[in-house]
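Ready for some practice in reading a structure? Open the viewer, keep the sequence beside it, and work through the exercises below at your own pace.

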Amino acid sequence: MKKGYRELLDEANAEIEVVSPEEAAGLLDDEDTIFVDLRDPREVERDGRIPGAKHVTRGMLEFWIDPESPYHKPFFASGKSFVFFCAGGWRSALATKTAQDMGLSPVKHILGGYTAWKAAGLPVEPGEKKK
Ligand SMILES: O=S(=O)([O-])[S-]
């Protein structure tokens with residue numbers, strides 16, 4: 001392996017901002033902060049979600065961020081702050097690094113992800129079943 005996941009994570013974590021679940025929770029009601037959930041739809045359905053978080057599959061992330069892309073989502077051009085999370089903090093570390101490299105700012109991610117958020121007793125709601 002030329003570069004393994006550990007190295008990718010170390011490189012990302014050296015360059016991105018990380019917040020604890022508790023710190024992130026303090027931003028939940030902030031109108032200028034958008035929470036971005038990078039988990040797969042089935043994880044959201046099964047495990048629930050952080051209220052108000054936008055769900056963005058990691059596979060579409062770059063295409064939703066870039067205004068030049070046909071898949072661009074305007075909330076990524078809102079000028080707001082972003083808090084990324086996944087289940088455990090790995091996917092969100094890589095995604096935060098990518099988003100930051102693309103110029104999305106400010107963006108940070110939650111240490112330990114949704115698992116740590118839930119374990120800390122922070123607000124969750126049931127995941128919606130896709131119709
Ligand atoms: O990417 S992960 O930390 O949710 S396994």
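Two exercises follow, each with a worked solution, and the model they use is a predicted one.

**Exercise 1. The ligand shell**

Find which residues are around the ligand, sort them by class, and look for backbone atoms that face oxygen atoms of the ligand.

*Solution*

Step 1. List the shell: Cys86, Ala87, Gly88, Gly89, Trp90 and Arg91 are the residues around the ligand.

Step 2. Sort by class. The shell holds three nonpolar residues, two polar ones and one charged one. Glycine is counted as polar here.

Step 3. Check the backbone, using N or O pairs within 3.5 Å as polar contacts. A backbone N or O atom of Gly88 is 2.8 Å from a ligand oxygen atom. For Trp90 the corresponding distance is 2.9 Å, and for Ala87 it is 3.1 Å.

Step 4. Turn to coverage: of the 210 Å² of accessible area that the ligand has on its own, the protein covers 73%.

**Exercise 2. The sheet and a helix on it**

Work out the strand order of the sheet, then say which strands stand at the edges.

*Solution*

Step 1. Trace the order. Five strands make an open sheet, arranged 1-5-4-2-3 with parallel pairing.

Step 2. Find the edges. Strand 1 (17-19) and strand 3 (54-55) each have a single partner strand, so one side of each lacks a neighbour in the sheet.

Step 3. Zoom in on one pair. Three bridges join strand 1 to strand 5 (residues 107-110) in the parallel sense; Val19 has Ile110 as its bridge partner in strand 5.

Step 4. Add the helix. Helix 5 (residues 90-102) packs on the sheet and touches strand 4 (81-85) and strand 5. The direction of helix 5 makes about 180° with that of strand 5.

Key
Residues are numbered from 1 along each chain as its sequence is written. This is a predicted model: local features need pLDDT of at least 70, side-chain atom pairs count only at pLDDT 80 or more; totals for chains, interfaces and linings use all residues. Side-chain values use heavy atoms; hydrogens and water are left out. A residue is near a molecule or strand if one of its heavy atoms lies within 4 Å of it. A polar contact is a pair of N or O atoms within 3.5 Å; within protein, one must be able to donate a hydrogen and the other to accept it, and residues adjacent in sequence count only if both atoms are side-chain atoms. Accessible areas come from the Shrake-Rupley method with a 1.4 Å probe; for residues, only the protein chains shown count as cover. Two strands pair if DSSP finds at least two bridges between them. Helices (H or I, at least four residues) and strands (E, at least two) are DSSP runs, numbered from the N terminus. Contact means heavy atoms within 4.5 Å. Axes are lines fitted to C-alpha atoms, for helices over the stretch in contact, and angles run from 0 to 180 degrees between N-to-C directions.
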